[in-house]
Amino acid sequence: MCSTCGCTGPAENRLIRLQRDILASNDAQAQNNRRWFSRQDILALNLLSSPGSGKTSLLTRTVEDLKNVLHISVIEGDQATARDAQRIRATGANAVQVNTGTGCHLDARQIRQALDQLRPPPASIVFIENVGNLVCPAAFDLGERFKVALLSVTEGEDKPLKYPALFQAADVLLINKIDLLPHVTFSPARCIDYALRVNPRITVLQLSAHSGEGMAAWYRWLRKNLPLAAP
Amino acid sequence: MHEMALCAAILEQLEEQARAQNFQYVKQLWLEIGSLSGVDTEALRFGFELACRGTLAEGARIHIEHTPGRGWCPHCQAEMPLNSLLEACPGCAGYGLEITAGKALRIKQLEVN
């Protein structure tokens, strides 16, 4: 005991064994989101790409083409501005913008909050447009059913080798802007070969959200993966 | 990568533990970082120091254990060491090994008072 105040002296250091995942709280929220989507028969897709690959254009085209048969809503992740959500809303779809500030990815809690605003109806599709970045978003489960990676032919065809974690986590690879293939050196065959090296189970579709080429196969993929049989 | 977000997640867990287990300071912290997790440990150390200023873990010493990567080849039915996500199986030269170890990001232990 100390003679000044009678306290028991400086607290002793003690060890606590934790053995807990650093991202445990995100992963638990992601599981909650996943259960919620599943109960509502909602197909949730996490769209991942570099800035400028055409995520928002892919979504506006998809909404325009499917709006008479499917309800689609969108969660837009960007560091700043509501510009992309405005582009989506212009098509008539519901969209909520999440600004991550300095954050380089969306997390599961932000998705839960966005869903509270978005209120997507049962048996619909929710697209989550992640922050344009091929590194960080791969590590954060949002509760989606599938991760969809988007790569455009104006980028390097070796991106699957340079950013293997993202392409390994993805279920689908969309190669976008194929209308520009005559003007660039991008080889879809080599890109697909690299993607399959990193992830032999990845589904690859080639399309152009601008010209519409290949979009029918993308829509078939979406309908096939709806929790309830598509109309 | 997203080391600052990881630091924020670690700090959140430390604060949660401090309430649950009744301690005031974190003196040392032991982490397991898988070598295939894509985390830059120098950035993590730097970020942790910044994230912890003015918190219960200010000045805490951080110890990082790197767990080596391992992969499983479905063709050869064998497990092997894996140094990167791009390695092929040394047996059949096939890609697409399943990662069996090396992706963990875990808080193992704390020293607190």
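**Entry 1: two strands in chain B**

I started in chain B, where strand E1 (residues 26-34) and strand E6 (residues 105-112) are joined by 7 bridges and run antiparallel. I noted one pairing to keep my bearings: Leu31(B) has Ile107(B) in E6(B) as its bridge partner. I should jot down that this is a predicted model.

**Entry 2: the sheet those strands belong to**

Next I asked myself in what order the strands of this open sheet come. I read off E1(A)-E6(B)-E1(B)-E2(B), 4 strands with mixed pairing. At the edges I found strand E1 (14-21) of chain A and strand E2 (61-67) of chain B, each pairing on one side only. From one strand to the next I get an average twist of 15°.

I then looked at what lies across this part of chain B. Helix H2 (residues 41-51) of chain B lies across E1 and E2 of chain B, and I have it running at about 160° to E2(B).

**Entry 3: where the chain A strand joins**

How many bridges join E1(A) to E6(B)? I find 6, and the two strands run antiparallel. One spot I marked is Ile16(A), which stands opposite Leu110(B) in E6(B).

**Entry 4: the interface as a whole**

I moved on to everything that touches between the chains. I have 29 residues of chain A in contact with 32 residues of chain B. The two chains bury about 2,900 Å² between them, with 56% of it on carbon and sulfur atoms. Which residues of chain A lose the most area to chain B? They are Arg14(A), Ile16(A) and Ile22(A), and together they account for 26% of what that side buries. Ile16(A) is also the residue I had marked opposite Leu110(B).

For charged pairs, I get 3 salt bridges across the interface of chain A and chain B. I looked up a salt bridge between the side chains of Glu12(B) and Arg109(A), at 3.3 Å from N to O. Polar contacts across the interface come to 16 residue pairs, both residues at pLDDT 80 or more.

Then I checked which elements make up the chain A side. E1, helix H1 (24-39), helix H6 (164-169) and helix H7 (188-198) of chain A each supply at least two residues. E1(A) gives the most, with 8 residues. By class, I count 17 nonpolar, 5 polar and 7 charged residues on the side of chain A that touches chain B.

**Entry 5: two helices in chain A**

I followed H1(A) inward to a partner in its own chain. H1(A) packs with helix H4 (residues 108-118) of chain A at an angle of about 35°, and their axes are 8 Å apart. From H1(A), the contact includes Trp36(A) and Phe37(A), and from H4(A) it includes Ile111(A) and Leu115(A). Arg109(A) is among the H4(A) residues here too, and I had already met Arg109(A) in the salt bridge with Glu12(B). I sorted this helix contact into 6 nonpolar, 4 polar and 2 charged residues.

**Entry 6: the other sheet**

Last, I went through a second open sheet. Chain A has 7 strands in the order E4-E3-E5-E2-E6-E7-E8, and the pairing is parallel. Why is one side of E4 and of E8 left without a neighbour in the sheet? Strand E4 (94-99) and strand E8 (203-206) stand at the edges with a single partner strand each, so one side stays unpaired. The twist averages 20° from one strand to the next.

Inside this sheet I looked up one pair, strand E6 (residues 146-152) and strand E7 (residues 172-176) of chain A, which run parallel and are joined by 5 bridges. I noted Ser152(A) standing opposite Asn176(A) in E7(A).

Terms used
Residues numbered from 1 in each chain as written. Chains lettered and ligands numbered in written order. Predicted model: local features only at pLDDT ≥ 70, side-chain atom pairs only at ≥ 80, totals over all residues. Heavy atoms only, no water. Pairing = 2+ DSSP bridges. Axes fitted to C-alpha atoms, helices over the stretch in contact; angles between N-to-C directions. Contact = heavy atoms within 4.5 Å. Buried area = accessible area lost by both parts, 1.4 Å probe. Salt bridge = Lys/Arg side-chain N within 4 Å of Asp/Glu carboxyl O. Polar contact = N/O pair within 3.5 Å; in protein donor to acceptor, adjacent residues only side chain to side chain. Nonpolar A, V, L, I, M, F, W, Y, C, P; charged D, E, K, R; others polar.
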